[in-house]
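Q: I'm new to this one, so please give me a close look at a single part: helix packing. Start with some background, and finish with a few residues worth finding on screen.

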Amino acid sequence: MSGFDIAILVAVLLLAVVVVGAVLLGVRTLRGIGAARATVDPAFMAEKDRQEQSLAALRSAADEANSTADVAKSAAAAARAEAAAAKAEAKAARAEARRVLDDARAEADTVLERAHKQAEADAEQLRAAARRGGEREVAVLAATTREQAAEVERRAARMDERERLHTEEVERLAERERQLTAASAALADRETALARREAELAEAEELRRRELERVAGLTAEAARAELIEAIESQAKREAALLVRDIEADARGTAEQRARHIVVDAIQRVASEQTAESVVSVLHLPGDEMKGRIIGREGRNIRAFESVTGVNLIIDDTPEAVLLSCFDPVRREVGRLTLEKLVLDGRIHPHRIEEVYDLARQEVEQLCRRAAEDALVEVGITEIHPELVTLLGRLRYRTSYGQNVLKHLVETAHIAGIMAAELRLDVPTIKRSAFLHDIGKALTHEVEGSHAIIGADLARKYGESEDVVHAIEAHHNEVPPQTIEAVLTQASDACSGGRPGARRESLEAYVKRLERIEEIAASKLGVEKVFAMQAGREIRVMVKPDDVDDIGAAVLARDVAKQIEEELTYPGQIRVTVVRESRVTEIAR
């Protein structure tokens, strides 16, 4: 019987006991009440009926409880039947489980037996492999032991050899120490002898000095003073001779230097003393046009020269006339005026004035267009219009055959490249280089150097102080103080000093360089001569044993003087004398 069945049975029994107890208690109560109150009134009877009804209800409840107990008993019987069936199933399950367990045990015994056999086989293989590995390790250890024994023997041999060498070295050191001891003793003896000899020499020198003083009748101080006085007088005499030679040389070269100064002044006005720079040629359709240009009694040619300011030269040249003027812009205006008059055919004073105005406007437009093109090529913006006008006038200006406006463009490009390489302010340096010769547009109208004139113009029209300083310092009228000024000088020299930039034939250029080197090489003590920077600098290497420092200064002055006297060149030539002395000693 299961626990559930037992619980149901106990509950039924408890319920039956409760019902029986309640019935007995009711009966006993009724009996007591009947004995105590035999003569009770109808109310008592009514209460008795009520009690009886209650007893009947209790009986019916007891009956229901009995029926419920019967149901419970039947349910308990069914449960016991189910429990018996469950016990039977459980017994069958236990029997099946026991059978399965027996089968599993038998199979486990079989597997275990096979595992034992496999383990014994694997163990045998492992024992064999371990035996073979042990044999190999023993062989390796034996070989290693033999090698180590051989290495120990070799080391022992080396140790014996090193010990032998060490013993020999100790013996050599002992022998050397004995030799050094002997040499030290000999050196001490020699030092003693030298000290004694020096004392004897000092005594002999003192005796000689006293003998010389006795023979000369002068002391050493008096002789020194007399020698100094003689040298001083000789130096004064040589200085006086040098001053006289310098004065004579200055008087001899004064006229030539003055001629150079005049040529430089003319150069600023006319750019070059050649017909190509100051004369323009106009071709005519026929020689009969010359008469019309001259006019009646020369009135047309006089009016033309008066209006244009250009000299008109009419000679025997067939079908051509010459226009001469030092101002290139004015000469170009005159050439255009005469060309328009010849094409028109009407030549008279009034017509000359009209055509001159048109030609002047046309030249101004050409100048402005040339200046704007140059500014665009260089990459400069925001410039004063008056400076643009002045830059345009440089289109017809040349310097040693080099067009000034093209020279400015080339200088700006060179300066920009150098500034970019040096990682400087490229726009400012290009602006400084492009405007450095702006003063040449006014050198025939304003007195002074074109560098100073250009600086005043730039300052007047709002250029920065860096640009102004670069303009005024590019010919060293003002010492350069900024990197812009230095790069402007360098780019100007590169543009104007390169071969072919200015009018000078290659043959003349090469001859000038050769002559410069010949002049320097002809001096005494000169070893090598190098002409550098297109002939603007010359390096003279002298022999240090033949030429001292004073002689080097004299040599540089003599070479510069001879170059000035014999050669004609643009700008200036720097002469540098290099004297190098070397002293070599070997430490043993």
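A: What follows goes from the whole chain to two helix pairs and then to some single residues.

First, some housekeeping: this is a predicted model, where local features need pLDDT of at least 70 and side-chain atom pairs count only at pLDDT 80 or more, while totals for chains, interfaces and linings use all residues. Numbering starts from 1 along each chain as its sequence is written, and side-chain values use heavy atoms, with hydrogens and water left out.

Zoomed out, the protein chain has 16 helices and eight strands. These are DSSP runs, numbered from the N terminus: H or I for helices, at least four residues, and E for strands, at least two. Of its 588 residues, 28% are buried (under 20% relative accessible area; exposed is over 50%, and partly exposed is in between, with a 1.4 Å probe and protein chains only). The chain exposes about 39100 Å², with carbon and sulfur atoms supplying 56% of that; such areas come from the Shrake-Rupley method with a 1.4 Å probe, and for residues only the protein chains shown count as cover. Among contacts (heavy atoms within 4.5 Å) with a separation of 6 or more, 59% join residues 24 or more positions apart.

Now for the close look. Helix α10 (residues 404-421) packs with helix α11 (residues 426-434) at an angle of about 155°, their axes 8 Å apart. The axes are lines fitted to C-alpha atoms, for helices over the stretch in contact, and angles run from 0 to 180 degrees between N-to-C directions. That angle makes α10 roughly antiparallel to α11. The cut-offs are over 145 degrees for roughly antiparallel, under 35 for roughly parallel, 65 to 115 for roughly perpendicular, and oblique for the rest. The crossing of α10 with α11 is right-handed, meaning the near helix is turned clockwise from the far one by less than a right angle; anticlockwise would be left-handed.

Who meets whom? On the α10 side, look for residues including Leu 408, Val 409, Ala 412 and Gly 416; on the α11 side, Ile 429, Lys 430 and Phe 434 are among them. By class, the residues of this α10–α11 contact come to 10 nonpolar, two polar and one charged. Ala, Val, Leu, Ile, Met, Phe, Trp, Tyr, Cys and Pro count as nonpolar, Asp, Glu, Lys and Arg as charged, and the others, Gly among them, as polar.

Another pair is helix α6 (residues 299-308) with helix α8 (residues 349-378), packed at about 30° with axes 9 Å apart. α6 and α8 are therefore roughly parallel to each other, and their crossing is right-handed. The α6 residues in the contact include Arg 299, Ala 303 and Phe 304, with Ile 352, Glu 353 and Tyr 356 among those of α8. Here the contact has six nonpolar, two polar and two charged residues.

Some loop residues round this off. Gly 379 is in the loop between α8 and α9 (385-393) and is exposed, at 58% relative accessible area. Its C-alpha atom is 8.3 Å from that of Pro 427, 48 residues apart along the chain. Glu 297 is in the loop between α5 (288-294) and α6, has a positive phi near 55° without being a glycine, and is exposed at 71%.
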